[in-house]
Structures are given as C-alpha cells and as structure tokens.
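Hi,

Here is the structure I said I would pass on. Have a look at it first, and my notes on what turned up follow below.

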Amino acid sequence: MILPITNYRSNTSFSSNPTGEEKKLPYSKDTLLKNNMATRARINMDKFTNALTVYPVKGLSGSKNANFYEFLTMGTIPYVVGSAMLMGVFNGANKMFPHFDKKNASALGKKAALGVLFFGIMKEVSKSFITKPVKWLTGVDTTVPYAKFIYELPENINDTDITSIEYHQAMESVEFPRWDLFYENAENGKQRNHYYDNVAKKLGLGENLKDSDQEVKPRIKEIVTKTMTAKNISSYLWAATGVCLAAQTPWDKFFETKGFKESAKQFRKSFGDSAKAFFLGEGSGLSKHAGKLLLGAAVLSTVLGITNVMSSSKKPSKLDSADLIDKTRKYVVN
C-alpha cells in the first residue's frame with residue numbers, strides 16, 4: 001500500500017508515515033496570523049531554514065513546484081553570508097600586523113562588524129516606527145502576515161496530497177490585497193464587516209455604515225502605498241544612524257572587556273557614551289553637527305511619513321456619484 005506523502009510545514013521533508021496517519025500542516029487553509037514578535041520570529045526561522053536547505057534543492061533539481069516566492073526567500077542567504085564576509089574582511093588579516101597596528105586594526109574591524117549588526121537591526125526595527133503609529137491611528141496593519149496553504153503538483157506518480165505553507169503579508173500586493181481574510185465568520189460572534197467598521201470609525205467615516213468595506217478599501221490602498229514608501233525611506237536613514245553610532249570611540253572599552261557580566265555592563269555604558277558622542281560630535285563646523293543632522297533627518301522622515309499617510313487617509317479616495325451626475329438634467333437609459 002502506498003501511503004499519502006505530505007510535506008510538513010514549508011516543504012521541509014517528504015516522508016511516508018508507517019502508522020497510517022498523515023502529518024498535518026499547522027493550517028488547512030489561508031489563515032490570517034497575529035502580528036506579534038513570536039509569530040514573526042517563527043516565520044523568519046521557518047523561511048530561513050527552508051532557504052538554506054529545501055528551496056535550493058528544489059531549484060537545483062528542477063522541481064516543477066519551485067516558484068518565485070522561494071527564489072525571493074533564498075535572497076536572505078547571500079545577505080547573511082555577505083554580512084559575515086564583510087566582518088571577516090576587516091578582522092581576518094589583523095594577526096599579520098605588528099602589535100601596535102594590530103590593536104588599531106582590531107578596534108576598527110570590530111567597529112565595522114558592529115556597524116553591520118546595527119545596520120541590520122536598525123533597518124528592521126525602524127520600520128515599526130511608521131507601521132505601528134499608522135495602525136494605532138487608522139486601524140490598518142500594513143504588515144499583518146498570513147499563511148498561504150498550497151496544493152503542489154506531484155513530483156512523481158506515487159505522490160498524492162503534496163501540500164506546503166508560504167508566509168506572505170495580506171497587504172503586500174496593493175493591487176490585489178487579501179480582502180477576504182479580514183471578513184469575520186458568524187461563529188466568531190462578530191459582524192462580518194467588523195474589521196472594516198473599525199477602520200471606518202478611526203478614519204472618521206462614521207459608524208454603522210451599510211457597506212463599510214466598500215467605503216474603506218480605496219482608503220486602505222492609499223494608506224498601504226504611502227506607508228510602504230515612507231518606511232523604506234526612513235529605514236535606511238535609521239540604518240545609517242546605527243552605523244555611525246557603532247563607529248564612535250567609546251566602543252573601544254567594550255571590545256577590551258572579558259567575561260559575560262562585565263561585557264554586558266560595559267555594553268550599556270559604551271552604548272550610552274557612544275550615543276552622546278554621536279549627538280554632540282567632535283571638531284568644529286559641519287563635522288561636529290553631522291550626527292545631529294543625520295538623526296534629525298531620520299526622525300523627520302518618520303514624522304513626515306506618518307503625517308503624509310494620515311493626511312491622505314482623511315481625504316476622499318474616489319468621487320461620489322453626486323459628483324458625476326447632474327440632477328438638474330434628464331437622462332435616458334438605452
């Protein structure tokens with residue numbers, strides 16, 4: 001007897017089950033997920049693991065189920081490898097220098113490595129500086145994830161019920177958002193348009209609207225578009241701020257410490273001193289105020305981004321029928 005072959009989670013393995021019971025995926029249909037730290041961590045770990053193991057194998061073997069989602073997911077690997085190589089370039093040759101030069105080169109290399117780390121952290125964390133306020137003010141979570149349930153094509157004659165899970169964002173396509181995932185089911189005890197009613201209320205469109213979903217969908221598209229643009233601009237400015245913060249002199253003391261407790265204590269002190277040095281600057285003229293200007297640009301881009309989203313979301317996104325029909329004239333329908 002040939003047992004059904006299932007793919008647990010995101011194509012991590014193909015196996016038959018001798019007990020006759022199928023391993024079930026965590027979802028049996030497209031499912032909207034909670035946008036919290038635990039969910040994001042699980043999704044990122046799942047995608048990174050598959051990008052390192054399963055997806056390359058599928059692509060290199062010419063699998064008919066390899067797709068563009070898997071190709072994009074594998075893009076995280078060269079990013080991580082490139083970051084590691086950049087750290088290695090600055091630190092790998094230090095042992096070949098004389099003692100005095102080795103010390104200076106080591107300090108510079110460690111700051112460069114810290115800069116790479118801060119770049120990645122600030123680039124990701126700073127996106128929430130815009131998406132979180134937008135969610136609080138409009139009710140629209142532009143980064144809410146969902147699990148997409150997929151039936152794959154059989155790889156050979158013995159394959160049946162090959163399924164997998166992909167992780168996407170419900171608003172990642174401005175042209176075709178997953179509106180259907182935001183409607184409530186009757187068993188939840190909520191009105192079908194509960195989500196859209198909440199957004200309409202926050203946008204000042206009123207309460208108890210007859211078709212709140214139709215009213216707010218064009219507004220949501222505007223909010224998503226402007227939020228995506230704003231966070232992409234501001235995230236690089238915050239990332240640059242992180243790199244400059246890592247280049248400050250007070251970090252030298254942190255790199256000289258040994259032991260976990262001592263390093264943790266010194267990290268907090270070096271971080272605070274570096275932030276102060278970055279903001280106050282050294283020297284004179286433009287170089288002294290460079291830190292203030294960069295930080296100001298990052299903050300300003302965030303504030304202007306949120307302001308732009310809110311100002312556009314308060315305006316009508318489409319013309320009403322009253323703007324198109326002249327009630328003083330007569331019309332004939334053929």
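Let me start with the second largest pocket, which is lined by 21 residues; Leu32, Leu181, Phe182, Tyr183 and Glu184 are the ones nearest its centre. Keep in mind throughout that this is a predicted model. Two elements, β3 and α7 (194-202), each give two or more residues to that lining. The top contributor is α7, with three residues. By type, the lining of the second largest pocket splits into eight charged, seven nonpolar and six polar residues. Its volume comes out at about 510 Å³.

Now for the largest pocket. The space in there is about 2,000 Å³. It has 39 lining residues, and those closest to the centre are Asn44, Lys47, Glu124, Lys127 and Gln169. Quite a list of elements supplies at least two residues each to this lining: α1, α3 (68-73), α4 (76-91), α5 (99-125), α6 (128-138), β5 and α8 (212-246). Of these, α5 has the largest share, with seven residues. The make-up of the lining is 16 nonpolar, 13 polar and 10 charged residues.

On to the sheet, since β3 and β5 have both come up already as pocket-lining elements. It is an open sheet of three strands, ordered β3-β4-β5, with antiparallel pairing. β3 (31-32) and β5 sit at the edges, each pairing on one side only. Helix α1 (residues 37-52) packs on this sheet and touches β4 and β5, and its direction makes about 125° with that of β5.

As for how the strands are held together, two bridges link β3 and β4, again antiparallel. Between β4 (residues 145-151) and β5 there are seven bridges, and these two strands also run antiparallel.

If you want one residue to click on here, try Ala147. On one side, Ala147 in β4 is the bridge partner of Thr31, and Ala147 also stands opposite Tyr167 in β5.

One last thing: is β5 mostly covered or mostly open? Although β5 is an edge strand, the answer is covered, as six of the seven residues in β5 (residues 163-169) are buried.

Shout if anything looks odd when you open it up.

Cheers

Key. Residues numbered from 1 in each chain as written. Predicted model: local features only at pLDDT ≥ 70, side-chain atom pairs only at ≥ 80, totals over all residues. Heavy atoms only, no water. Buried < 20%, exposed > 50% of the residue type's maximum accessible area, 1.4 Å probe, protein only. Helix = DSSP H or I, 4+ residues; strand = E, 2+ residues; numbered from the N terminus. Pairing = 2+ DSSP bridges. Contact = heavy atoms within 4.5 Å. Axes fitted to C-alpha atoms, helices over the stretch in contact; angles between N-to-C directions. 1 Å grid on protein atoms, 1.4 Å probe; cavity = no way out; pocket = protein on both sides within 12 Å on 5 of 7 lines; lining within 4 Å. Points joined across faces, edges and corners; volume = space filled by probe spheres on them. Nonpolar A, V, L, I, M, F, W, Y, C, P; charged D, E, K, R; others polar.
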